[in-house]
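Visitor: Please choose one part of this structure and take me through it slowly and closely. I would like to follow each step of the reasoning, with the surroundings of that part in view as well.

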Amino acid sequence: MKIYKNKTELYLHDTYIENLFINEYMIPANGDYVKVYLFAKMYLDKDLTIYNETLAKYLNLPINQVLAAWDYWESKKVIRKHYTGSNPDDFDVEFVCLKQLMYKGAEEPARSSVEKTSEKLNSAVFSNDALRLFNEIEKITGRTLNSRELQDIKTWLEDWGLSEKVILKAYDTCIKDRKKKPDHKYISAIVRSWYEKGLFSSEALENYLSEHDKKHSIYKRIFKALGFVGRYPTEEEKRIMDIWIDEYMLDISTILEACKKTSGISNPSINYIHTILKDWKEGSQVSPSGKKKLTAAQIDKLYADIRAENKRISDNRQAEIYGAFPRIKEIDEELRELNPKRLKLVLGGQSKTSLYKSIETEMENLRKEKTGTLKRAGYPEDYLSPVYTCPRCRDTGFLDNGEKCVCLTQKLLNM
C-alpha cells in the first residue's frame, strides 16, 4: 500500500522565508529585488526550475533588472552564483542559509562578482591589476560590469598603457559632467581622447586638466568681453586662442585690451582679434601700453632657470633631512602609499566611511610627527615644501586665471 497526497498547484503550497531575511535584508532592499528573491524562492522550495527570462515575464520586469537583483543579493552574500558558460549572464543561483551566514559564516569565501565573471571569460585572462581596477569601478558605478566593459577596461589598462588613476579619473569626470551614474560610451570617448593626447600617467593627466581648466576660464573671459553669451567656442576658435596663450605668451589683460577694439563693430570675431594681436606680436615687440616685451622664448628661459635653481635647493634640503632623520624619509614613503588609497575611496564615493576617516587620521598623525621632528631640530615646518621664488604663480610668470603675475610685471619694468 502507498500513502501519498494529491498533487496540488504550486500556488497552493507555502514558501519558507527566514525571519533573518525579513528583518536584516528585505527592508533596505529595492522592492523589485525582493520580488525576484521571493518568487525564485517559491520555485526552489518545490525543486522546480525557473529561468531569468521567465522571472522577468512573470514579474513584468526588464531582464536587466532581474540580473541586477541577483548581483545585489550576491553582494549581500545571501545567494551564490555558479557560472555555467562563458557569458557572465549564464549562471545558476544557490540560496544561502541565512542562519549559517549570520552565526557560522558562509562556507565559501566572499568574492566580487567581477572575479567570478572573469573566471568564466574565455577570451581574456585578467591580471591582478585589472581585477583590482574592476572592483574600484564597480564601487563607483554601483553595479556589476558586463563583459564588454571588462574587455574595454582591460584594453585601456594593458594594451593602451593607461594607469589605473587615469581610468578612474574618467569615471569621476563623467559623473561631474553628467551629474549621474557613469555611461560607458561617454567614458570610452573620454579615455580615447586622453589616449590620443598621450596622457598615460596620472601626472600627465593632472597637468593637462589643470592647463585645460585654466584655458577654459580664459576662453570664458574672452567670450564675455566680445559679448558672445550663451555659446561655447568652436574647436577652431580654441585653436586660435591657444596661439595667443601658448605661442604668443600674452596675458589676459593684453587680450582683453585687444577685445576692446571691437567696440562699434556689429559682428566681432575671434579672427578679427587674432589680426590685432598678431600685428602687436609681429611688430617691434612693443605692447599697446608702449612697454617693451620679453619674447616668449626669453620668458620661458627666465622662469625655467628659476624653477631649476629652486628644485636644486629643494633636492638638497631633502637629502640633508633624510640623512639626519631617516624617520622622516619613512614618513614620506608611508604618506605616498596612503594617499592613493585615500584618493580611491574619494573616487569611489566612500569619503564618509570609517576606513577613509582612519586613513585621514593616520596621514594627519604622520604629518604632525614630521613637522614636530623638524621643529624640535630647529627647522621651519615647511622646510621640505617645494621652494618658489614667487609662490603666487609658482615661478611660471602667469596666474591660474591667465593674468600676468606681478613678478613678471616687475621684471618688465626693470628691463
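Guide: A residue is called buried when its relative accessible area is under 20%, exposed when that area is over 50%, and partly exposed in between. With those cut-offs in hand, let us look at salt bridges, keeping in mind that what you see is a predicted model.

The setting comes before the detail. The protein has 415 residues, of which 39% count as buried, and its elements are 18 helices and two strands. Of the contacts between residues at least 6 apart in sequence, 59% join residues at least 24 apart. A search of the whole structure finds 17 salt bridges, and the close look begins with a group of residues around R327.

R327 forms a salt bridge with E330, the closest N and O atoms being 3.2 Å apart. Both of these residues lie in helix α16, where three residues, about one turn of the helix, separate them. R327 also forms a salt bridge with E369, and here the closest N and O atoms are 2.9 Å apart. Because E369 lies in helix α17 (residues 354-376) while R327 lies in helix α16, this pair ties together parts that are 42 residues apart in sequence. Through salt bridges that share partners, R327, E330, E334 and E369 are joined into one network.

Are the residues of these two pairs buried, partly exposed or exposed? E369 has a relative accessibility of 31%, so E369 counts as partly exposed. The relative accessible area of R327 is 31%, which means that R327 is partly exposed, and E330, with 41%, is partly exposed too.

Helix α16, which covers residues 326-347, also leads us to another salt bridge, by way of K344. K344 lies in this helix, and, leaving aside its neighbours within four places in sequence, K344 is in contact with R132, E136, E164 and L168. From C-alpha to C-alpha, K344 is 8.4 Å from K165, although 179 residues separate the two in sequence.

Among the contacts of K344 are E164 and R132, and the side chains of E164 and R132 meet in a salt bridge, at 2.5 Å from N to O. E164 is found in helix α9 (residues 164-178). R132 belongs to helix α7 (residues 128-141), so the pair ties together parts that are 32 residues apart in sequence. The accessibility of the two partners can be judged by the cut-offs above. E164 has a relative accessibility of 15%, so E164 counts as buried, whereas R132, at 36%, counts as partly exposed. Around E164, again leaving aside neighbours within four places in sequence, the residues in contact are D129, R132, L133, L157 and K344.

For contrast, consider the nonpolar side chains. In soluble globular proteins, such side chains tend to be buried together. The largest nonpolar core in this model holds 29 residues, and V36, L55, W70 and W73 touch the most other members. Helix α2 (residues 31-45) is one of the elements that give two or more residues to this core, and the largest share, eight residues, comes from α2. A second, separate core has 26 residues, including A170, V191, L205 and L209.

Definitions and conventions
Residues are numbered from 1 along each chain as its sequence is written. This is a predicted model: local features need pLDDT of at least 70, side-chain atom pairs count only at pLDDT 80 or more; totals for chains, interfaces and linings use all residues. Side-chain values use heavy atoms; hydrogens and water are left out. Helices (H or I, at least four residues) and strands (E, at least two) are DSSP runs, numbered from the N terminus. Buried means under 20% relative accessible area, exposed over 50%, partly exposed in between (1.4 Å probe, protein chains only). Contact means heavy atoms within 4.5 Å. A nonpolar core is a set of buried Ala, Val, Leu, Ile, Met, Phe, Trp, Tyr and Cys residues joined through side-chain atoms within 4.5 Å. A salt bridge is a side-chain nitrogen of Lys or Arg within 4 Å of a carboxyl oxygen of Asp or Glu.
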